[in-house]
Amino acid sequence: MEKTQKLWMIFSGALFGAFAVLLVRFGNPANMGLCIACFIRDIAGSMKLHQAGVVQYLRPEIVGLVLGAFIMAVANKEYHAQGGSSPVTRFVLGIFVMIGALMFLGCPLRMVLRLAGGDLNAVVGLLGFTAGILLGVFFLQKGFSLKRTYQQSGFEGSMITIVLVGLFVLSLVAPLLFARSETGPGSMAAPWLLALGVGLIIGAVAHKTRLCMVGGIRDVVLFRDFHLLTGFLSILVVATLANLLNGSFHLGWVNQPVAFQNFTWNFLGMALVGFGSALLGGCPLRQLILAGAGNSDSAITILGLLVGAAICHNFGLASSLAGPTMAGKIAVGIGLISTLIIALVNTYRRP
Amino acid sequence: MKTIDARGLSCPEPVLVTKKAIQQELPVTILVDQQVAVENIVRFAHKEGLYDTVKIMDNYFSILISRQ
């Protein structure tokens, strides 16, 4: 059984890597075939929660990922409606994870895809990400817990899936309701049917394999378990090969697509993502998959990411090709300190 | 024999409590409510050279971990 699990994990990583490069080939921004943080940010823009005109589009990939996980969970009889494990804390952590991701310009998944495109700034991101996870692991070993979840109604568990599908259908029948970028990354998109299809497939596969970027590094440190890391490496290898074949591999620090060179802030941005995600029990991708499978705490986390994205653009926190902003640096600082306090309180409080 | 209730705990806590429990005594029973936790605990037990028996209960799983 464990050998089959490992093969599935390699397969799902390979699928992610290949599909990500395919989506870029068909129109998604460079090294951004799939990016959970960027795409949730685009959705926040499409819903006019922020007014950054270049990043507004209701990305079908996100809808597909959640729906794919939902279908797979129901089909496998693993759909499990549950929630109630410190939802507001999770919401706040979701906001901070997004602030960290938009400092670096990418979620852990895009970090791997940037590495696969030859962007060396992502190596710095990976170092920060690892440091953040190590900090989270320290607290997990000391007993950090956001407490138990409880059973919820099936309807509650599927609410986020219903809302996302509803919004998506609305965007097809009444496209003018939603903002849509005419220039910039938000205007660059693969055809919606392809984007939705890829989302559905990898959402289903990611549910089956439990692929998680944070879990990969965490489990190696905690249990010397390389299972999840295999998926991480598989994405990297396959996406690198696909980029080489596609002519989209450019090794270097400068002129990388949707990226900047600043060691400190690439490091600290991803450190915040790693730390927050380790406390949440999974990276933004994993939160989408868990939400599809009925976990309303993960649904709350996604709403936190959505609100976080709106905050980032409304208050000028998000970085750009020019680099980080002063407001962004302050916000990442506040995020790191707040996450540390959340970790301390949930580790050392009296039972 | 000790029984540890890890139902409702989210990843990676079920494996962490298992790790702590097997350091104290064996055999031990862990209760979890998700398939993913079962897979993780079983994988962990095998890596530690231990054996497992998974029982499917009403709406949760009971995993017995022992030396044989």
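Biologist: Which residues make up the contact between chain B and chain A, and how many come from each chain?

Modeller: In this predicted model, the contact takes 23 residues from chain B and 24 residues from chain A. The area buried between chain B and chain A is about 2000 Å², and carbon and sulfur atoms give 48% of that area. Between chain B and chain A there are also three salt bridges, and ten residue pairs are in polar contact, with both residues at pLDDT 80 or more.

Biologist: Which helices of chain B supply the side that touches chain A?

Modeller: Helix H1 (13-24) and helix H2 (35-47) of chain B each supply at least two residues of that side, and H2(B) gives the most, with eight residues. By class, the side of chain B that touches chain A has nine nonpolar, six polar and eight charged residues.

Biologist: What makes Arg148(A) and Asp5(B) a salt bridge?

Modeller: The N to O distance between the side chains of Arg148(A) and Asp5(B) is 3.8 Å, and the cut-off for a nitrogen of Arg and a carboxyl oxygen of Asp is 4 Å, so the pair counts as a salt bridge.

Biologist: How do you know that Arg210(A) and Glu39(B) form a salt bridge, and where do the two residues lie?

Modeller: The side chains of Arg210(A) and Glu39(B) meet at 2.8 Å, N to O, which is within the 4 Å cut-off. The pair crosses between chains, with Arg210(A) in the loop between helix H9 (192-209) and helix H10 (213-223) of chain A, and Glu39(B) in helix H2 of chain B. Since buried means under 20% relative accessible area, Arg210(A) at 9% counts as buried, and Glu39(B) at 13% is buried as well.

Biologist: Why is the pair of Arg43(B) and Asp225(A) said to join two chains?

Modeller: Arg43(B) forms a salt bridge with Asp225(A), the closest N and O atoms being 3.0 Å apart. Arg43(B) lies in helix H2 of chain B and Asp225(A) in the loop between H10 and helix H11 (227-246) of chain A, so the pair joins two chains. Set against the 20% limit, Arg43(B) is buried, with a relative accessible area of 9%, and Asp225(A) is buried, with a relative accessible area of 8%.

Biologist: How many salt bridges does the structure hold over all chains, and which residues of chain A are linked in a network?

Modeller: Over all chains the structure holds nine salt bridges, and Arg41(A), Asp42(A) and Arg59(A) are linked in a network of them. Asp219(A) and Arg218(A) also meet in a salt bridge, at 3.0 Å from N to O. Asp219(A) has a relative accessible area of 5% and is therefore buried, while Arg218(A), at 1%, counts as buried too.

Biologist: Why is the link between Cys35(A) and Cys38(A) called a disulfide, and what is its handedness?

Modeller: The S to S distance between Cys35(A) and Cys38(A) is 2.3 Å, and a disulfide requires cysteine sulfur atoms within 2.5 Å, so the pair meets the rule. The torsion about the S-S bond is about 70°, so the disulfide is right-handed. Cys35(A) counts as buried at 0% relative accessibility, and Cys38(A) is buried at 2%. By this rule the count over all chains comes to one disulfide.

Biologist: Why is Cys283(A) not bonded to Cys212(A)?

Modeller: The sulfur of Cys283(A) is 3.9 Å from the closest cysteine sulfur, in Cys212(A), which is too far for a bond, although Cys283(A) is buried, with a relative accessible area of 1%. Cys11(B) is likewise in no disulfide, because the nearest cysteine sulfur, that of Cys212(A), is 7.3 Å away and the limit is 2.5 Å. With a relative accessible area of 31%, Cys11(B) is partly exposed.

Biologist: What makes helix H5 of chain A largely enclosed by the rest of the structure?

Modeller: Nine of the nine residues of helix H5 (residues 108-116) of chain A are buried, so this helix is largely enclosed by the rest of the structure. Among them are Pro108(A), Arg110(A), Arg114(A) and Ala116(A). Just after H5(A), Gly118(A) takes a positive phi of about 90°.

Terms used: Residues are numbered from 1 along each chain as its sequence is written. Chains are lettered from A and ligands numbered from 1 in the order in which they are written. Side-chain values use heavy atoms; hydrogens and water are left out. Contact means heavy atoms within 4.5 Å. Buried area is the accessible area (1.4 Å probe) that two parts lose on being put together, summed over both. A polar contact is a pair of N or O atoms within 3.5 Å; within protein, one must be able to donate a hydrogen and the other to accept it, and residues adjacent in sequence count only if both atoms are side-chain atoms. Helices (H or I, at least four residues) and strands (E, at least two) are DSSP runs, numbered from the N terminus. Ala, Val, Leu, Ile, Met, Phe, Trp, Tyr, Cys and Pro count as nonpolar, Asp, Glu, Lys and Arg as charged, and the others, Gly among them, as polar. Buried means under 20% relative accessible area, exposed over 50%, partly exposed in between (1.4 Å probe, protein chains only).
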